[in-house]
Amino acid sequence: MKKLLLFFALIASLCGCTGNVNITAEDLMANMKKAYQELDTFHETSSVNILRDTNKKVETSVTTEFSFKRPNLYVIKNTTGKANATIISDGKELSVESSESKEPHRVPASRTVSELYQRLTSRSLVNPERMITEFYLLDGRLPSEPFATAEVSKKLAKVEGKDCYVLNISAKSGDRQAVYVDKDSFMIRKNVISIVKPVLPKRSGMPTPQSAPSEDASTAVKSAQEAAAPLFTSDETMGVVETNPQLDPAIFKVKGRQLPLFPGKRESGKPVKTNALKGEMAPDFELKDENGKVESVSASKGKTVVLFFWDPLYKPSFSEITELQEIYAKASADKNLQIFAISDDKSEMRAGTFKKTGASFPGLYDEDGKVSSIYGVDVVPYTIIIDKDGKVSETFSGRQPREVIIKALKNRGIKV
């Protein structure tokens, strides 16, 4: 009999079902949070497959290497096919480098790793506030949106040879997540997220949380799942998970030129905050274009003015300039719209980079960053709309869908 029991135990182990589980979802999440918070350093490599659930085919594969040192030093390297991107934080600045950019650049902004994760996912369909990730756990955070259901499977599962708890979560939106948690270390070994209801990002670039349904939570999940199958699934497996490893301090060194686009000071001496100028008269300026012609806001009095702050080294900005040109061409009939593209990169302007975009509106050079400073620009691209009365009416941080700009202009009587 003992031999028979041992035989069945061996079979169960090989199948990944290695014993009964007696831990609640709440206790498991508390242990995970504690384990990650106690780490001083952390290193992880993972591979992610994005599957479109309509055809079950892998559409995108991403490999990620993540290194972290408390309190807010980190390196994130993503590779997708031939494309790659690296983000480094030394606690004071972020260094951003990608295969699309000519050179790395630095921005004077310090963020926690969970805030960075929010920014990275703000343009995707995933709302990080619904999900459990190591990025959040390292900052001692769990999703702010309460789960509809959260329970631990009754059997353990094997991932990369490790016994793992399986935490099954359902968000109130109908999205689902299965987190495979190392039984001994409480580190995440596998993370599977299925998205049913995508979210649209806010204008600010941060995801918009979905409001909780008024009906019973379990009914909401069931109805959401019946209404639509998952749009896509993100299946991430951690190949290497190192806790408190020795990390070379040199990997956290930022590099590249520093962008001077950050909140400056107005004449009052008070720091300018994003949207601080909204509703106020737009500060005037005089800047030269590539041909030496001087342009200003005051010269466009009576028109709606769009200020588009951009960096020639950030390639996605070019597509936004193309979209602005299309809008500008459509609105040229009534001559009530003026667009200025403003860059701080003298070498690129001299090289005729803006002229190569084919835009017919002026491209201006902000030599000392003064204009970006008085307008409180803290990131590029950044769009400001000034109404016909000369007041700042809208500010948009980050890249915006064309429809957002069109709607804002139509609200001000521009025919586009």
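Modeller: A residue is called exposed when its relative accessible area is over 50% and buried when that value is under 20%. With that in hand, let's read this structure, which is a predicted model.

Biologist: Happy to start there! Which residues of helix 9 are buried?

Modeller: Helix 9 spans residues 402-410, and its buried residues are Ile405, Ile406, Ala408 and Leu409. These four lie on the same side of helix 9, because the arc they cover around the axis is only 165°.

Biologist: And which exposed residues does the face turned away from that buried side carry?

Modeller: You will find Glu403 and Lys407 there, both exposed.

Biologist: What covers the buried residues of helix 9?

Modeller: The cover includes one helix, helix 6 (316-330). It also includes several strands: strand 16 (304-309), strand 17 (337-343), strand 19 (382-386) and strand 20 (392-397).

Biologist: Strand 20 caught my eye. Is glutamate 394 buried or exposed?

Modeller: Glutamate 394, which is found in strand 20, has a relative accessible area of 14%, so it is buried. Its side chain makes a polar contact with the side chain of arginine 412, at 3.2 Å. For a link across the sequence, look at glycine 279: it sits 115 residues from glutamate 394 along the chain, yet 8.5 Å separates their C-alpha atoms.

Biologist: Let's turn to nonpolar cores. In the largest one, which residues touch the most other members?

Modeller: That core has 37 residues, and the ones touching the most other members are Leu28, Met32, Phe42, Phe66, Ile132, Tyr165 and Leu167. Among the elements giving it two or more residues are helix 2 (25-37), strand 2 (57-69), strand 9 (162-170) and strand 12 (232-243). Helix 2 supplies the largest share, 6 residues.

Biologist: What does leucine 28 touch, leaving aside residues up to four places away in sequence?

Modeller: Leucine 28 touches Ile23, Val152, Tyr165, Leu167, Val181 and Phe186. Tyr165 and Leu167 were also in the list of members with the most partners.

Biologist: Where does helix 9 come back in?

Modeller: In a second, separate core of 21 residues, whose members include Phe396, Ile406, Ala408 and Leu409. Three of those names belong to the buried side of helix 9: Ile406, Ala408 and Leu409.

Biologist: One last case: is threonine 233 buried or exposed?

Modeller: Threonine 233, placed in strand 12, counts as buried because its relative accessibility is 11%. Its side chain has a polar partner too, the side chain of serine 194 at 3.2 Å.

Conventions: Residues numbered from 1 in each chain as written. Predicted model: local features only at pLDDT ≥ 70, side-chain atom pairs only at ≥ 80, totals over all residues. Heavy atoms only, no water. Buried < 20%, exposed > 50% of the residue type's maximum accessible area, 1.4 Å probe, protein only. Arc of directions from axis to C-beta. Contact = heavy atoms within 4.5 Å. Polar contact = N/O pair within 3.5 Å; in protein donor to acceptor, adjacent residues only side chain to side chain. Core = buried A, V, L, I, M, F, W, Y, C linked by side-chain atoms within 4.5 Å.
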